Amino acid sequence: MSQGELKELNLVVKADVQGSIEALADALAKMDQSEVRINIIHSAVGAISETDVILAAASNAIIVGFGVRPQAKARDLAERENVQIKTYSIIYKAIEDIDAARIGMLKPTEEEVRTGEAEVRETFRVPKAGLIAGCMVTEGEISRDDKVRVVRDGVVVFDGVFGSMRRFKDDVKSVKSGYECGLGIEKFQDIKVGDVLEAYKVVEVARTE
């Protein structure tokens, strides 16, 4: 992954004792930081102050406190600057929250979902539209905005999008299994009888790890 795509989660850590800061730093070092780097940009013992809030605002950081509370002026400034202050008494709870924030910053993964399949039974040319495949939908439901693969004898010969989808003379948005339809594929004029048209969508799935 290129450096430009690496996201950063910046933290300002304040605690009642130095040991809490060290324990948190050790736990964060063990987290997966291949896509989201976790940076402790400042850590110190003592109450959460206005200076901490100013630093967090400038660095787009979250303030994490253990056994300490924000001073009144710091709390007011944090509200104005839209800086998050999270306070904890148990270290593992803080680690859980930081990990949840890290996961929330991960880019979603793309997953392919197969929606349906159609068999080419005949082909015919239509003025302006080009080659149209007379098909029977044999599985699922294919939609006009699906992506489509042309499979010939088990080999993908084209991957693209539908140019048209008709039932009789009507344009339609989808066709279910068991129905016939006329399908045109954008930028592909080599459909043959016996080809299988696999329709699919690419969906974004939120990352959980």
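**Entry 1: surroundings of Val137**

I looked up which residues Val137 touches in this predicted model, leaving aside its neighbours within four places in sequence. The contacts of Val137 are Glu117, Ala118, Ile142, Val175, Lys176, Ser177, Gly178, Tyr179 and Cys181. I located Val137 in strand 6, which spans residues 130–143. I then asked whether Val137 is buried or exposed. Val137 has 1% relative accessibility and therefore counts as buried, the cut-off being under 20%. I also took the distance from Val137 to Ala29: the two are 108 residues apart in sequence, and their C-alpha atoms lie 53 Å apart in space.

**Entry 2: the open sheet**

I next traced the open sheet formed by 4 strands and noted the order 2-1-3-4, with parallel pairing. Strand 2 and strand 4 (85–88) are the edge strands, each pairing on one side only. On average, neighbouring strands of this sheet are turned by 25° against each other, direction ignored.

I followed the pairing of strand 1 (residues 7–15) with strand 2 (residues 36–45) and found 9 bridges between these parallel strands. Within this pairing, Glu8 has Arg37 of strand 2 as its bridge partner. Between the two strands the chain passes through helix 1 (residues 18–29), and I recorded this β-α-β crossover as right-handed.

On the other pairing I examined, strand 3 (residues 61–66) runs parallel to strand 4 and is joined to it by 4 bridges. Here Phe66 has Tyr88 of strand 4 as its bridge partner.

**Entry 3: helices on the sheet**

I checked which strands helix 1 lies across, and these are strand 1, strand 2 and strand 3. Helix 1 runs at about 175° to strand 2. Helix 4 (residues 91–105) also packs on the sheet, where it touches strand 1, strand 2, strand 3 and strand 4. The direction of helix 4 makes about 160° with that of strand 1.

**Entry 4: aromatic pairs**

How many aromatic pairs does a search of the whole structure find? I noted 2.

In the pair of Phe66 and Tyr88, the ring centres are 6.3 Å apart and the planes stand at 40°, so I entered this pair as tilted. Phe66 belongs to strand 3 and Tyr88 to strand 4, so the pair ties together parts that are 22 residues apart in sequence. I found Phe66 buried, at 4% relative accessibility, and Tyr88 buried as well, at 12%.

For Phe158 and Phe188, the ring centres are 4.7 Å apart and the planes stand at 20°, so this pair is stacked. Phe158 lies in strand 8 (residues 155–167), while Phe188 lies in the loop between strand 11 (180–185) and strand 12 (196–205), so parts 30 residues apart in sequence are tied together. Phe188 is buried, with a relative accessible area of 8%.

**Entry 5: a charge over a ring**

I looked at Tyr200 and found Arg149 lying over the face of its ring, at 4.1 Å from the ring centre.

**Entry 6: positive phi outside glycine**

Most residues other than glycine have a negative phi, and I therefore noted two exceptions. Asn82 has a positive phi of about 60° and sits in the loop between helix 3 (72–81) and strand 4. At 72% relative accessibility, Asn82 counts as exposed. Lys187 likewise has a positive phi of about 60°, and I placed it in the loop between strand 11 and strand 12. Lys187 is exposed, at 77% relative accessibility.

Methods:
Residues numbered from 1 in each chain as written. Predicted model: local features only at pLDDT ≥ 70, side-chain atom pairs only at ≥ 80, totals over all residues. Heavy atoms only, no water. Pairing = 2+ DSSP bridges. Right-handed = clockwise from strand over helix to strand, strands pointing away. Axes fitted to C-alpha atoms, helices over the stretch in contact; angles between N-to-C directions. Contact = heavy atoms within 4.5 Å. Phe/Tyr/Trp six-rings, centres within 6.5 Å; stacked < 30°, edge-to-face > 60°. Buried < 20%, exposed > 50% of the residue type's maximum accessible area, 1.4 Å probe, protein only. Lys NZ or Arg CZ within 6 Å of the ring centre and 35° of its normal.
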